[in-house]
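Visitor: I'd like to learn how to read a fold like this one, feature by feature. Could you walk me through it?

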Amino acid sequence: QVQLVESGGGLVQAGGSLRLSCAASGNIFSVNAMGWYRQAPGKQRDLVADITSGGTTNYADSVKGRFTISRDNAKNTVNLQMNSLKPEDTAVYYCNAYIRTRTAYGPYWGQGTQVTVSS
């Protein structure tokens with residue numbers, strides 16, 4: 001069984017910063033890509049940023065230059081440093097990881113953490 005546990009969400013004023021963290025645990029054989037998605041009320045869940053096991057990163061245009069994704073392969077963790085936050089960044093942020101166990105391979109999701117940016 002695999003779990004992704006997120007932390008670090010909260011309320012911040014526009015222009016401020018937050019750091020999200022996600023840790024994968026359980027019966028893990030290997031972890032491939034890890035990433036962060038977000039979903040605002042009434043909208044679909046969209047990719048914010050992802051990172052391969054080799055460290056290649058990809059960002060949504062709306063967060064380029066403001067957000068930085070990083071990971072620790074030894075600890076199976078992924079972080080999202082969010083700077084210069086805007087009210088439009090308000091959403092529930094979900095951690096995602098493609099994980100191989102001894103019997104299966106597929107995407108796993110965290111429970112979500114709320115990020116609210118006030119103007």
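Visitor: In which sense do β3 and strand β8 pair, and over how many bridges?

Guide: A quick caution before we start: this is a predicted model. Now the general idea: strands of a sheet pair through backbone hydrogen bonds, either parallel or antiparallel. Here β3 and β8 (residues 77-82) run antiparallel, with six bridges between them. To pick out one bridge, look at C22, whose partner in β8 is V78.

Visitor: What sheet do four strands form, and in what order?

Guide: The sheet is open, and its order reads β1-β3-β8-β7, with antiparallel pairing. At the edges sit β1 (2-7) and β7 (67-72), each pairing on one side only. From one strand to the next, the twist averages 15 degrees.

Visitor: Back to C22. Which residue does C22 form a disulfide with?

Guide: First the chemistry: a disulfide is a covalent bond between the sulfur atoms of two cysteines. In this model C22 is bonded to C95, with 2.1 Å between the sulfur atoms. The count for the structure is one disulfide. C22 belongs to strand β3 (residues 18-26) and C95 to strand β9 (residues 91-100), so the bond ties together parts that are 73 residues apart in sequence.

Visitor: What is the handedness of the disulfide of C22 and C95, and why?

Guide: Check the torsion about the S-S bond: it is about -80 degrees, so the disulfide is left-handed.

Visitor: Are those two cysteines buried or exposed?

Guide: C22 is buried at a relative accessible area of 2%, and C95 is buried too, at 0%.

Visitor: Where does T77 sit, and what does T77 touch?

Guide: T77 is in strand β8. With a relative accessible area of 17%, T77 counts as buried, because the cut-off for that label is under 20%. Leaving out residues up to four places away in sequence, T77 touches C22, A23, M34, S70, R71 and D72.

Visitor: Which residues of the largest nonpolar core touch the most other members?

Guide: Those are W36, L80, M82 and Y93, out of 29 residues in that core. Several elements give two or more residues to the core, among them β1, β3, β7 and β8. The top contributor is β9, with five residues. Try clicking on Y93: beyond its neighbours up to four places away in sequence, its contacts include L20, W36, F67, L80, M82 and V115.

Visitor: Which strands does β4 pair with?

Guide: β4 pairs with β9 over eight antiparallel bridges, and with β5 over five, again antiparallel. For landmarks, Q39 stands opposite V92 in β9, while M34 has I51 in β5 as its bridge partner. β4 and β5 also make a hairpin with six residues between them, and G42 in that turn has a positive phi of about 75 degrees.

Visitor: How many aromatic pairs does the structure hold?

Guide: Two. A pair of aromatic rings is described by the distance of the centres and the angle of the planes. For Y37 and W109 the centres are 5.0 Å apart and the planes meet at 65 degrees, so that pair is edge-to-face. This pair links distant parts of the chain, with Y37 in strand β4 and W109 in strand β10 (residues 105-109), 72 residues apart. Y37 is partly exposed at 21% relative accessibility, and W109 is partly exposed at 37%.

Visitor: And what about Y98 and Y105?

Guide: That pair is tilted, with 6.2 Å from centre to centre and 35 degrees between the planes. Y98 is partly exposed at 33%, as is Y105 at 42%.

Key:
Residues are numbered from 1 along each chain as its sequence is written. This is a predicted model: local features need pLDDT of at least 70, side-chain atom pairs count only at pLDDT 80 or more; totals for chains, interfaces and linings use all residues. Side-chain values use heavy atoms; hydrogens and water are left out. A disulfide is a pair of cysteine sulfur atoms within 2.5 Å. Buried means under 20% relative accessible area, exposed over 50%, partly exposed in between (1.4 Å probe, protein chains only). Two strands pair if DSSP finds at least two bridges between them. Axes are lines fitted to C-alpha atoms, for helices over the stretch in contact, and angles run from 0 to 180 degrees between N-to-C directions. A nonpolar core is a set of buried Ala, Val, Leu, Ile, Met, Phe, Trp, Tyr and Cys residues joined through side-chain atoms within 4.5 Å. Contact means heavy atoms within 4.5 Å. Rings of Phe, Tyr and Trp (its six-membered ring) pair if their centres lie within 6.5 Å; planes under 30 degrees apart count as stacked, over 60 as edge-to-face and the rest as tilted.
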